[in-house]
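Biologist: Let's go through this entry with the coordinates open. Put it up, please, and I'll start asking.

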Amino acid sequence: MVNFDYQTPTRLIFGRGVVAEKLRDVMAQYGPRVLITYGGGSIKRSGLYDQVIDLLADKEIYELPGIAPNPKFNPSVIDGVRLCKEHSIDVILAVGGGSVLDCTKAIAGAACSDADPWDVVTGKVPTLSAIPIVDIITLAATGSEYDSGAVISRTETCDKLAYFSRHVFPAVSFIDPTYTFTLPVKQTLAGIADCINHIMEQYFCSEHIMMNDAFMTGAVRSLVANVKKVLAQPDNYDARAEIFYATTLGCNGIYALGNSAGGWPMHAIEHALSGHYDITHGEGLAIITPRWMAHILRCTEGELHEQAVERVTSFGRDVFGTTTAAESIAAIHDFYKSIGIPMTLHDVCIDDSRIDEMAHHVAVNEGLEHAWVPLHEADIAAILRDSL
Ligand code: NZQ
Ligand code: ZN
């Protein structure tokens, strides 16, 4: 078991009706000037926006609307930093999916610095403090509500990169599973694939303990069972709640304390796909997953090969009841296909024309030669080609 140093300062307030019950009290801890950040309109259609505005009637409200999926540095982060500085914002309330919250984290960190916001996001300038963040998360997927990371895209350079700072952990996250009743099927499924992949990125590593294996494969089994329930009945509260519980814990590291790091190779490759083509993150991950699993069996030798076969096999055994590595790979592919996730790059309108460019981008920027199974540029290109 490897050493760990773990602290998550975020308060989670989970369940039906928690916003009406506690948002006003939580926000009362902060000063009067609130920046509300949100996306393209889902919170207005669901009535959540009106509810929040009513609950914060005694506050001085500023707004940053229109944060897009795969949130963009320009204009959203830049506009948010400007608003925070102009109005001396006391707290930011993010209402929406992971993209809204990620953008908010970048704003919160960059607004407390005199440096160029891009230098803060890239880590060139360290984040020393941040405006406090409260969020109402409306999509079960990223786990951004319980972690210190954000993923920001810069369209001009096709960059999609991770920003981390302990200062941008949300102070309080409201998680009401009823908000996910209105999710389009595509987003429900992408959220499931994102969370399963977060778990897999932590499961596939060299040093691992039994307790974490049980924790992680149990969570994936729960996701597999509950997604079928919500496809049949979108307002199934208990199924939506169990999914949200799994996704909230998924990216925070708590599933894998004591395991060695795996290097997050599938995320690194997917970020090139969504950085270059603006596709939905969870769909990109679902497509990459079985191809990465198959590739690591081919590109490893000796002891590492045995380890890769063992991990791929045990994952399939404990989640799907399969017995071999090949069956495990087929099981995850077929599960995604059966629930309706597009499973080839062609299905999401990506052809082979930019594969070498993306492989180069990942090889130069993501350090996958240090992953559990090292991946070089040719390996990344091969995984992308196998995904066509
Ligand atoms: O923009 P609005 O109108 O709000 O609509 C959104 C958006 O179109 C919609 N939506 C959200 N909640 C809804 C809803 N529609 C109806 N009802 C609701 N309750 O869903 C669409 C997608 O939203 P988005 O926030 O982009 O999705 P998600 O939460 O999956 O976030 C994806 C982003 O998070 C990053 C991804 O790379 C991607 O940029 N990630 C962040 C991580 C983190 N911070 O830890 C880890 C992940 O690995 C991931 O990389
Ligand atoms: Zn993810």
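Biologist: Starting with F204: buried or exposed?
Modeller: Go by relative accessible area: under 20% is buried, over 50% is exposed and anything in between is partly exposed, using a 1.4 Å probe and protein chains only. F204 has 2% relative accessibility, so the label is buried.

Biologist: Ground rules, then: it's a predicted model where local features need pLDDT of at least 70, side-chain atom pairs count only at pLDDT 80 or more, and totals for chains, interfaces and linings use all residues, while side-chain values use heavy atoms and leave out hydrogens and water. Residues are numbered from 1 along each chain as its sequence is written, and chains are lettered from A and ligands numbered from 1 in the order in which they are written. Now, how many aromatic pairs does the structure hold?
Modeller: Rings of Phe, Tyr and Trp (its six-membered ring) pair if their centres lie within 6.5 Å; planes under 30 degrees apart are stacked, over 60 edge-to-face, and the rest tilted. By that rule the total is 10.

Biologist: What kind of pair do Y203 and F204 form?
Modeller: Y203 is buried too, with a relative accessible area of 0%. The ring centres of Y203 and F204 are 5.2 Å apart, and the angle between the planes is 70°. That pair counts as edge-to-face.

Biologist: Which residues form one aromatic cluster with Y203 and F204?
Modeller: Three more rings join Y203 and F204 in that cluster. They are W292, F315 and W372.

Biologist: On to ligand 1: which residues are closest to it?
Modeller: A residue is near the ligand if one of its heavy atoms lies within 4 Å. That gives 32 residues around ligand 1. The closest are S42, G98, S99, D147 and H198.

Biologist: What distance separates a polar side-chain atom of T182 from a nitrogen atom of ligand 1?
Modeller: Polar contacts are pairs of N or O atoms within 3.5 Å; within protein, one must be able to donate a hydrogen and the other to accept it, and residues adjacent in sequence count only if both atoms are side-chain atoms. A polar backbone atom of Y179 is 2.9 Å from a nitrogen of ligand 1, and an N or O atom in the side chain of N70 is 3.3 Å from one of its oxygens. For T182 the distance is 2.8 Å.

Biologist: And how much of ligand 1 does the protein bury?
Modeller: Areas are Shrake-Rupley values with a 1.4 Å probe; for residues, only the protein chains shown count as cover. Taken alone, ligand 1 exposes 970 Å². The buried share of that is 88%.

Biologist: Which elements give two or more residues to the shell around ligand 1?
Modeller: Helices (H or I, at least four residues) and strands (E, at least two) are DSSP runs numbered from the N terminus. The elements are α5 (98-110), β6 (149-154), α7 (185-203) and α10 (265-277).

Biologist: How many polar residues are in that shell around ligand 1?
Modeller: Asp, Glu, Lys and Arg count as charged; Ala, Val, Leu, Ile, Met, Phe, Trp, Tyr, Cys and Pro as nonpolar; the others, Gly among them, as polar. The shell has 10 nonpolar and 4 charged residues. The polar count is 18.

Biologist: Which residue's ring has the charged end of K44 over it?
Modeller: The test wants NZ of Lys or CZ of Arg within 6 Å of the ring centre and within 35 degrees of the ring normal. R354 lies over the face of Y277, 5.7 Å from the ring centre. For K44 the distance to the centre is 4.5 Å, and the ring belongs to Y49.

Biologist: Which residue has a side chain in polar contact with that of H295?
Modeller: H295 is in helix α11 (residues 281-299) and is buried at 6% relative accessible area. The contact is 3.0 Å, and the partner is D379.

Biologist: Last one, on the backbone: what is the phi of C349 near?
Modeller: C349 is in the loop between α13 (325-339) and α14 (355-365), and its relative accessible area of 69% makes it exposed. C349 is not a glycine, yet its phi is positive, at about 65°.
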